[in-house]
Amino acid sequence: MDKIAHFVQKSDCNATTVAIFGAIGVAVVAFKALSFLKVLVDVFLRSGINVKKYGAGNGGWAVITGATDGIGKEFAFQLASKKLNIVLVSRTESKLKAIAQELEQTYSVETKHFVMDFTKASEENYQALQQFLNPIEVTMLVNNVGTNHEIPTPFEQETDKVIKDIVEVNINAAMKMTKIVVPQMITRKSGLIINLGSFAGLVPTPYLSVYSGSKAFLSSWSQAIGAELAPKGIHVQNVNTFFVVSAMSKIRRASLLIPLPKPYVRSVLNQLGISGGASTPNTSTPYFSHAIANWAIDNLFSRAFWVNHNYKIQVDIRKRALNKREREAAAAAKSQ
Ligand SMILES: NC(=O)c1ccc[n+]([C@@H]2O[C@H](COP(=O)([O-])OP(=O)(O)OC[C@H]3O[C@@H](n4cnc5c(N)ncnc54)[C@H](OP(=O)(O)O)[C@@H]3O)[C@@H](O)[C@H]2O)c1
């Protein structure tokens, strides 16, 4: 009798344990399904803050770094089409002038340009840029300029110049530009700062370690200053970007996961203030396929899995890049 009672008690206990774990499992799956649904609603159904809030059509200026190519150039065109005046900053004066002229003619906005190489920028250069920007009403800053390792490279083999350039362009330029424009935004209690982040900042990327670290800095720093500046009326948004067709990505053909700059920037501007696939504050992953990838990274498998996944991809890219270099060197030697 005792044995039967013990057996009944034990199976009750087992059933309760199974029920508890079952309920936890259902809750976890339901939570994940809901978070995935939220991503879809964010990227397909919601509209973000209208850029009119940041001076569009009302005399406001958007300052864009790295504005003559790729994503930065597209920001210049789309923001001008929304009637923001545009300040273009990058290295090549001829490209700056040509784009400024095209923007003025196409969208009847005002433009200014400033030649700056952020790898070499001195305190005096930044002071000159501050003097240049102080008289205008800067309502938006797009910290877009970025540079990367030439090819995936083990950290100990990377040149000091590449390491320094990445830190100067991806980290210091964003901080310096922000310090230049934020005081006037605080005075007006309004402003938008967009930082061009990367999936390399979301998942550490071996062989692109300095670039990856610089984008992780941007992510963390955006969240920190985002909290500081929100009560002062300024919105900070780190934009988590997977691949986009551009000179930097060295990808020429668009695909489901890799958009052209135009649809990519459109998604950023349509979803200001909306997280999309991102799960950290002051961060947005707005492009639909990037958002789903971001959700998968955050919700499926461990971070170690994704780092290892990145490692394998970069080892393969490095091998192909080195082979290409060898072929080019051989062809050059042959033609001499
Ligand atoms: N494309 C992607 O797949 C991807 C993915 C994730 C994140 N991102 C981020 O998105 C941002 C833009 O990338 P992108 O692919 O559009 O780059 P891109 O097509 O190579 O354009 C870079 C722009 O920056 C300017 N620039 C480059 N170095 C500069 C320097 N030292 N000083 C001043 N200006 C400089 C270039 O003009 P000049 O040469 O005339 O100066 C150009 O206007 C970067 O922050 C990048 O990290 C891109």
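Start by selecting Val-87 and Lys-112: Lys-112, in β3, is the bridge partner of Val-87. Keep in mind as you click around that this is a predicted model.

**β2 and its neighbours**

Now widen the selection to residues 85-90, strand β2, where six of six residues are buried. Which residues sit on each face of β2? Asn-85, Val-87 and Val-89 are on one side, while Ile-86, Leu-88 and Ser-90 are on the other, and both faces are covered.

Add residues 111-115 to bring in β3, which runs parallel to β2 and is joined to it by five bridges. To see how the chain gets from β2 to β3, show residues 93-107 as well: that is helix α3, and together the three elements make a right-handed β-α-β unit.

**Over to β1**

Go to the other partner you can pick up from Val-87: Val-63 stands opposite Val-87 in β2. Extend to residues 61-65 and you have β1, which runs parallel to β2 with five bridges between them. Another pair to highlight here is Trp-61 with its bridge partner Asn-85 in β2.

Color β1 by burial next. All five of its five residues are buried, so the strand is largely enclosed by the rest of the structure. Trp-61, Val-63 and Thr-65 point one way, and Ala-62 and Ile-64 point the other way.

Turn on residues 70-81, helix α2, and you get another right-handed β-α-β unit, made of β1, α2 and β2. Then select residues 138-143 for β4, which is parallel to β1 and joined to it by four bridges. For a pair to label, try Ala-62, which stands opposite Met-140 in β4.

**The whole sheet**

Time to show every strand. What is the strand order in the sheet? Reading across, it goes β3-β2-β1-β4-β5-β6-β7, an open sheet of seven strands with parallel pairing. β3 and β7 (283-284) stand at the edges with a single partner strand each, so one side of each has no neighbour in the sheet. Zoom in on the β7 end: β6 and β7 run parallel and are joined by two bridges. Select Val-239 and you'll find its bridge partner in β7, Ser-284.

**Helix α8**

Jump to residues 261-270, helix α8. Which of its residues are buried? Pick Pro-261, Tyr-264, Val-265, Ser-267, Val-268 and Leu-269. Since an α-helix has 3.6 residues a turn, residues three or four places apart point the same way, which is handy when you look down the axis. To see what covers those buried residues, show α2, β5 (191-196), β6 (234-239) and α9 (288-299), which are among the elements doing it.

**The ligand**

Select the ligand and expand to its surroundings: there are 31 residues around it, and the closest are Thr-68, Thr-92, Asn-144, Tyr-211 and Ser-246. Put distance labels on three contacts:

- Ser-246: a side-chain N or O atom is 2.5 Å from an oxygen atom of the ligand.
- Thr-68: a side-chain N or O atom is 2.7 Å from an oxygen atom of the ligand.
- Met-248: a polar backbone atom is 3.3 Å from an oxygen atom of the ligand.

Between Ser-246 and Met-248 in the numbering, click on Ala-247, which lies in the loop between β6 and α8. Is Ala-247 buried or exposed? Its relative accessibility is 61%, so Ala-247 counts as exposed. Now measure across to Gly-70: the two residues are 177 apart along the chain, yet their C-alpha atoms are separated by 6.9 Å.

**The N-terminal stretch**

Select residues 20-45. An unreviewed UniProt entry annotates this stretch as a transmembrane region. In the model, the stretch is 96% helix and 0% strand, and its end C-alpha atoms are 36 Å apart.

**Zooming out**

Finish with the full protein chain, which has 10 helices and seven strands. Its C-alpha trace spans about 95 × 60 × 35 Å along the principal axes. Of its 336 residues, 43% are buried. If you plot a contact map, look away from the diagonal: among contacts between residues at least 6 apart in sequence, 74% join residues at least 24 apart.

Conventions:
Residues are numbered from 1 along each chain as its sequence is written. This is a predicted model: local features need pLDDT of at least 70, side-chain atom pairs count only at pLDDT 80 or more; totals for chains, interfaces and linings use all residues. Side-chain values use heavy atoms; hydrogens and water are left out. Buried means under 20% relative accessible area, exposed over 50%, partly exposed in between (1.4 Å probe, protein chains only). Two strands pair if DSSP finds at least two bridges between them. A crossover is right-handed if, with the strands pointing away from the viewer, the path from the first strand over the helix to the second runs clockwise. Contact means heavy atoms within 4.5 Å. UniProt positions are given in the numbering used here, feature names are shortened, and annotations may be inferred rather than shown by experiment. A residue is near a molecule or strand if one of its heavy atoms lies within 4 Å of it. A polar contact is a pair of N or O atoms within 3.5 Å; within protein, one must be able to donate a hydrogen and the other to accept it, and residues adjacent in sequence count only if both atoms are side-chain atoms.
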